[in-house]
Amino acid sequence: MPEYYKKLLKNNKEWVEARLAEDTHFFERLADGQKPPVLWIGCADSRVPANEITGTAPGEVFVHRNIANMVIHTDMNMLSVLDYAVTVLEVRHVIVCGHYGCGGVLAAMSNKQFGLIDNWVRHIKDVYHLHRDELNAIVDEESRARRFVELNVIEQVYDLGKTSIIQNAWRHRQMPYIHGWAYDIREGLVKDLSVSINDDSTLEQVYKMD
Ligand code: CO
């Protein structure tokens with residue numbers, strides 16, 4: 001294992017050399033500041049790295065990741081990232097990216113205990129409950145899990161829309177657009193779930209703030 005660890009540091013040196021070979025000012029420019037057009041809310045899963053799968057460079061994507069790409073409205077970590085990205089950096093797009101085969105989503109579908117994480121998974125179970133008629137009607141378990149991943153992403157898109165942070169940004173600059181994606185680990189492709197929203201017209205009345 002120490003060799004593996006040392007390899008990461010060696011990789012870093014090589015990466016710096018490669019960047020500088022392409023562009024001698026690469027790091028100087030990044031050090032000047034950031035103005036990323038995108039906030040990414042994704043799963044912590046090691047197989048879904050935001051920059052790599054979207055072909056984006058350092059400086060392009062502001063990233064928040066947690067188990068099953070959840071938007072929990074009492075999560076200070078998520079809210080702080082969201083407020084900074086939306087209010088200060090003024091990102092134009094927020095992408096919620098889930099992925100098929102998500103361990104958090106599969107845990108939420110099961111009745112097993114996993115320990116402390118059960119309390120986080122409860123939020124995902126609530127999404128199942130909300131869509132139980134559609135999900136229970138899907139007999140094949142893998143198909144049901146895939147649809148659950150999609151519905152969970154869509155629900156997080158609307159949960160973002162329910163925050164005052166997003167509603168104030170929509171009011172002041174008609175942005176950001178919030179999108180829902182599902183990434184397929186087996187083929188590397190993203191499915192755009194076509195839920196892009198940039199106003200509160202799709203929100204239930206009770207969630208709209210003056
Ligand atoms: Co996951």
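Here are five short exercises with worked solutions on the structure above.

This is a predicted model, in which local features need pLDDT of at least 70 and side-chain atom pairs count only at pLDDT 80 or more, while totals for chains, interfaces and linings use all residues. Residues are numbered from 1 along each chain as its sequence is written, and side-chain values use heavy atoms, with hydrogens and water left out.

**Exercise 1: The metal site**

Find out which residues coordinate the cobalt ion and how they are spaced in sequence.

*Solution.*
- Step 1. Look for donors, meaning N, O and S atoms within 2.8 Å of the metal (3.2 Å for Na, K and Ca); water is not among the atoms, so sites may look incomplete.
- Step 2. The cobalt ion is held by the SG atom of Cys 43, the NE2 atom of His 99 and the SG atom of Cys 102, at 2.0 to 2.3 Å.
- Step 3. Written as a pattern, the spacing of these donor residues is C-x55-H-x2-C.
- Step 4. Now check burial, where buried means under 20% relative accessible area, exposed over 50%, and partly exposed in between (1.4 Å probe, protein chains only). His 99 has 1% relative accessibility, so it counts as buried. Cys 102 is buried too, because its value is 3%.

**Exercise 2: The sheet**

Work out the strand order of the open sheet and how its strands pair.

*Solution.*
- Step 1. Helices (H or I, at least four residues) and strands (E, at least two) are DSSP runs, numbered from the N terminus. Two strands pair if DSSP finds at least two bridges between them.
- Step 2. The five strands follow the order 2-1-3-4-5, and the pairing is mixed.
- Step 3. Strand 2 (61–66) and strand 5 (190–192) are the edges; each has a single partner strand, so one side of each lacks a neighbour in the sheet.
- Step 4. On average, neighbouring strands are turned by 25° against each other, direction ignored. Axes here are lines fitted to C-alpha atoms, for helices over the stretch in contact, and angles run from 0 to 180 degrees between N-to-C directions.
- Step 5. Go through the pairs. Strand 1 and strand 3 are parallel, with five bridges, and Leu 39 has Val 94 as its bridge partner in strand 3. Strand 3 and strand 4 are also parallel, with seven bridges; here Ile 95 stands opposite His 179. Strand 4 and strand 5 are antiparallel, with three bridges, and Ala 182 faces Lys 191.
- Step 6. Six of the seven residues of strand 3 are buried, so this strand is largely enclosed by the rest of the structure.

**Exercise 3: The nonpolar cores**

Describe the largest nonpolar core and say which element gives the largest share of it.

*Solution.*
- Step 1. A nonpolar core is a set of buried Ala, Val, Leu, Ile, Met, Phe, Trp, Tyr and Cys residues joined through side-chain atoms within 4.5 Å.
- Step 2. The largest one has 44 residues, and those with the most contacts inside it include Leu 39, Val 94, Phe 148 and Ile 178.
- Step 3. Elements that supply at least two residues each include strand 1, helix 4, strand 3 and helix 9. Helix 8 gives the largest share, seven residues.
- Step 4. There is also a second, separate core of nine residues, among them Val 61, Cys 97, Trp 181 and Tyr 183.

**Exercise 4: One residue of helix 8**

Decide whether Val 153 is buried or exposed, and list what it touches.

*Solution.*
- Step 1. Val 153 is found in helix 8.
- Step 2. Its relative accessibility is 0%, so Val 153 counts as buried.
- Step 3. Using contact (heavy atoms within 4.5 Å), Val 153 touches Asn 69, Val 96, Gly 98, Gly 180, Trp 181 and Leu 193, leaving aside residues up to four places away in sequence.
- Step 4. Val 153 and Trp 181 are 28 residues apart along the chain, and their C-alpha atoms are separated by 7.0 Å.

**Exercise 5: The loop after helix 9**

Locate Gln 174 and Pro 176, and describe the backbone at each.

*Solution.*
- Step 1. Gln 174 lies in the loop between helix 9 and strand 4, and Pro 176 is in the loop between helix 9 and strand 4 as well.
- Step 2. Gln 174 is not a glycine, yet its phi is positive, near 55°. With a relative accessible area of 49%, Gln 174 is partly exposed.
- Step 3. Met 175 and Pro 176 are joined by a cis peptide bond, with omega about 5°.
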